[in-house]
Amino acid sequence: MTQTFTSPIPVLPQREDGRRVLLKLSGEAFGGGAVGVDPDVVSRVAGEIAEGVAQGVECAIVVGGGNFFRGAELSQRGMDRRRADYMGMLGTVMNCLALQDFLEQRGVSTRVQTAIEMGQVAEPYIPLRAVRHLEKGRVVIFGAGAGMPYFSTDTVAVQRALEIGCEEVLMGKNGVDGVYDADPRTNPDAVKLEHLTYNDALQRGLKVVDSTAFSLCMDNAQQMMVFGLDAPGNITRAMRGDRIGTVVNHD
């Protein structure tokens, strides 16, 4: 008699209650429109995250690095794209450490995990360890992108959300409070959309996130909300599930 054996597949533990989200923050927000980190901006962001955590939300975060380096832009100026992207990844880690510091000043236990190992400043990215941190009420910040060139932090945000079982990806944007049917910066008649399906976005050619991130969401039925970072308190409201931006899903 022939026996067959299958390898066990790790299953994420089911949460009895609460809400787990992945918050994507742009690097430009951390710089306040300039190169580097604006402590006042990061302090405000940390305070809003801390308030959401205090309300019982499990929060993981992906931070961009555009306030330091943008690989695509550097490559357009003649730099090798791969090297430029690695510089961008290191920029995200600097933002992660800044946010970790301000969160811990507010009493929020925080862990940084990076896709490129740098043991003196962060843990390596280990999904199940990240889940354990979240279950213990810690905030987990993911840095260094995917650890590979050619991947945006939007894509990484969706991938991490899928892998650690987040029910929603919260895309925080600068200068815009949701998705519009046209560019509101150039078209005063642009209308904000409260709800959008993946098919609608594709047919209209709307730029919600980059195409790879969008495909991951669509293929895996991952819900997303795009909201503005400018209004005080928006991060807390988005974390707890208030519909303050544009919801993107299958329905």
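This section describes the overall dimensions of the protein, one of its helices and a set of individual residues.

The structure is a predicted model, in which local features require a pLDDT of at least 70 and side-chain atom pairs count only at pLDDT 80 or more, whereas totals for chains, interfaces and linings use all residues. Residues are numbered from 1 along each chain as its sequence is written, and side-chain values use heavy atoms, with hydrogens and water left out.

The protein contains nine helices and eleven strands, where helices (H or I, at least four residues) and strands (E, at least two) are DSSP runs numbered from the N terminus. The radius of gyration, taken over C-alpha atoms, is 18 Å, which agrees with the value near 18 Å expected for a compact globule of 251 residues; the globule rule applied here is 2.2 Å times the number of residues to the power 0.38. The C-alpha trace spans about 70 × 45 × 45 Å along its principal axes. The accessible surface comes to about 12600 Å², and 50% of this surface belongs to carbon and sulfur atoms; accessible areas were obtained by the Shrake-Rupley method with a 1.4 Å probe, and for residues only the protein chains shown count as cover.

Of the 251 residues, 48% are buried, a residue being termed buried under 20% relative accessible area, exposed over 50% and partly exposed in between (1.4 Å probe, protein chains only). Among the contacts with a separation of 6 or more, 73% are accounted for by residues 24 or more positions apart, contact meaning heavy atoms within 4.5 Å. With regard to charge, the protein carries 25 positive and 31 negative charges, whose mean positions are 4 Å apart. In this count Lys and Arg are positive and Asp and Glu negative, while His and the chain ends are not counted; the place of a charge is taken as NZ of Lys, CZ of Arg, CG of Asp or CD of Glu.

Helix α4 (residues 81-105) holds Gln100, and Leu99 is found in α4 as well. Leu99 counts as buried because its relative accessibility is 0%. Not counting residues up to four places away in sequence, Leu99 touches Leu25, Phe30, Val42, Val45, Ala46, Ile49, Ile61, Val63 and Ile141. The C-alpha atom of Leu99 is separated by 9.8 Å from that of Val37, although the two residues are 62 residues apart along the chain. Gln100 has a relative accessibility of 16% and therefore counts as buried; with the residues up to four places away again excluded, Gln100 touches Thr110, Arg111, Val112 and Ile141.

Helix α6 (residues 153-164) includes Ala157, which is buried, with a relative accessible area of 0%. Beyond its neighbours within four places in sequence, Ala157 is in contact with Leu22, Lys24, Val62 and Met171. Ala157 and Asp183 lie 26 residues apart in sequence, and their C-alpha atoms are 24 Å apart in space.

In helix α7 (residues 198-204) lies Arg204, which counts as partly exposed because its relative accessibility is 48%. Arg204 touches Asp181 and Leu193 when residues up to four places away in sequence are not counted. A separation of 34 Å was computed between the C-alpha atoms of Arg204 and Ala115, residues that are 89 residues apart along the chain.

Helix α8 (residues 211-220) has Ala213, Phe214 and Cys217 as its buried residues. Seen down the axis of α8, these residues fall within an arc of 100°, so they line one face of the helix, the arc being that of the directions from the helix axis to the C-beta atoms. The cover over the buried residues of α8 includes α6, α7 and β10 (224-228), whereas the face turned away from the buried side carries the exposed residues Ser211 and Asp219.

Backbone geometry was also examined. Most residues other than glycine have a negative phi. Tyr150, in the loop between β5 (139-143) and α6, has a positive phi near 75° without being a glycine, and Tyr150 is exposed, with a relative accessible area of 53%. Ala221, in the loop between α8 and β10, likewise has a positive phi, of about 55°, although Ala221 is not a glycine. With a relative accessible area of 53%, Ala221 is exposed.
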